[in-house]
Amino acid sequence: MDALKKKRGLPPPATALADPRQWSEKSQGSVAASFRTHYTDQAYRCHACRKEALFSAAEQKFVYEVKKTHIDVRRVLCEACWRERRAVQGKIAACEAQWAASKPELALDAAFLSTWRALLLEHHHYGARLNRATSNMLHKLLDRLVEAN
Ligand SMILES: [Zn+2]
């Protein structure tokens, strides 16, 4: 990563002062609390789209000291993918609510079932654990519909 940066002539990574006293209680109990004095820009590759992204020193300060996220938590998605993951999560929640409200009708609705299933797979692509129970149920329902037609 450093070699890459030099080649492109990027400025050196920015830093921000770290104040571990502002961390969550759990983070304060971590080893890092005894030596972390600064945050440094962290380049990483998005797990979903493989693009290079930056977790800036200023963002780290905000995330660990204001939002109290655990100090060991790293970013794995770029911002665009993170937003997409949240959007997909919202759509899945909407499917679940619809399902809870009108199961008998929706169990016969192939479009609904396949959309829901695609959302589960998309969510998984963004790093969420695959909801196998629901995915299997949708698969079975869809199979049954195909057989019935
Ligand atoms: Zn991405």
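**Reading the model, one feature at a time**

Modeller: Let's start at a small spot: helix α3 is followed by Lys68, whose phi is positive, near 60°. Keep in mind that this is a predicted model.

Biologist: Thanks! What is the usual sign of phi?

Modeller: Most residues other than glycine have a negative phi. Here Lys68, in the loop between α3 and α4, has a positive value in a residue other than glycine. Arg50 gives another case, with a positive phi near 70°. Its place is in the loop between β3 (42-45) and β4.

Biologist: Is Arg50 buried or exposed, and what about Lys68?

Modeller: Count the other C-beta atoms within 10 Å: 20 or more makes a residue buried, 12 or fewer makes it exposed, and a count in between makes it partly exposed. Arg50 has 9 such atoms, so it is exposed. Lys68 has 14, so it is partly exposed.

Biologist: Now the helix before Lys68. Which residues of α3 are buried?

Modeller: First, the general idea: an α-helix has 3.6 residues a turn, so residues three or four places apart point the same way. In α3 (residues 57-66), the buried residues are Gln60, Tyr64 and Glu65. Seen down the helix axis, they fall within an arc of 100°, so they line one face of α3.

Biologist: What covers those buried residues of α3?

Modeller: The cover includes β1 (15-17), α2 (25-28), β2 (38-40) and β4 (52-55).

Biologist: Let's step back. How many helices and strands are in the chain?

Modeller: You will find seven helices and four strands. Their order along the sequence is α-β-α-β-β-β-α-α-α-α-α. For the overall form, compare the radius of gyration with the globule rule: the chain has 21 Å, well over the 15 Å that the rule gives for 149 residues, so the chain is more spread out than a compact globule. The C-alpha trace spans about 65 × 40 × 20 Å along its principal axes, and 12% of the 149 residues count as buried.

Biologist: How is the chain divided into domains?

Modeller: Domain 1 covers residues 2-76 and domain 2 covers residues 80-148. Between their centres, taken over C-alpha atoms, there are 34 Å. Five residues of domain 1 are in contact with four residues of domain 2. On the side of domain 1 that touches domain 2, four residues are nonpolar, one is polar and none is charged.

Biologist: Where does UniProt place the feature "domain: Probable zinc-binding"?

Modeller: The unreviewed UniProt entry puts that feature at residues 41-87. Over this stretch the chain is 40% helix and 17% strand, with its end C-alpha atoms 27 Å apart.

Biologist: Which helix holds Cys81, and which residues are in contact with Cys81 beyond its neighbours within four places in sequence?

Modeller: Cys81 sits in helix α4 (residues 79-101). With 20 other C-beta atoms within 10 Å, Cys81 is buried. Beyond those sequence neighbours, Cys81 is in contact with Cys46, Ala48, Cys49 and Tyr126.

Biologist: Could we finish with a residue in helix α7?

Modeller: Take Asp143, which lies in helix α7 (residues 132-148). Asp143 has 10 C-beta neighbours inside 10 Å and so counts as exposed. From C-alpha to C-alpha, Asp143 and Ala110 are 9.6 Å apart in space, while 33 residues apart in sequence.

Note on methods. Residues are numbered from 1 along each chain as its sequence is written. This is a predicted model: local features need pLDDT of at least 70, side-chain atom pairs count only at pLDDT 80 or more; totals for chains, interfaces and linings use all residues. Helices (H or I, at least four residues) and strands (E, at least two) are DSSP runs, numbered from the N terminus. The arc is that of the directions from the helix axis to the C-beta atoms. Two residues are in contact if their C-beta atoms, placed from the backbone, lie within 7 Å. UniProt positions are given in the numbering used here, feature names are shortened, and annotations may be inferred rather than shown by experiment. Domain bounds come from an automatic or database domain assignment. Ala, Val, Leu, Ile, Met, Phe, Trp, Tyr, Cys and Pro count as nonpolar, Asp, Glu, Lys and Arg as charged, and the others, Gly among them, as polar. The radius of gyration is taken over C-alpha atoms; the globule rule is 2.2 Å times the number of residues to the power 0.38.
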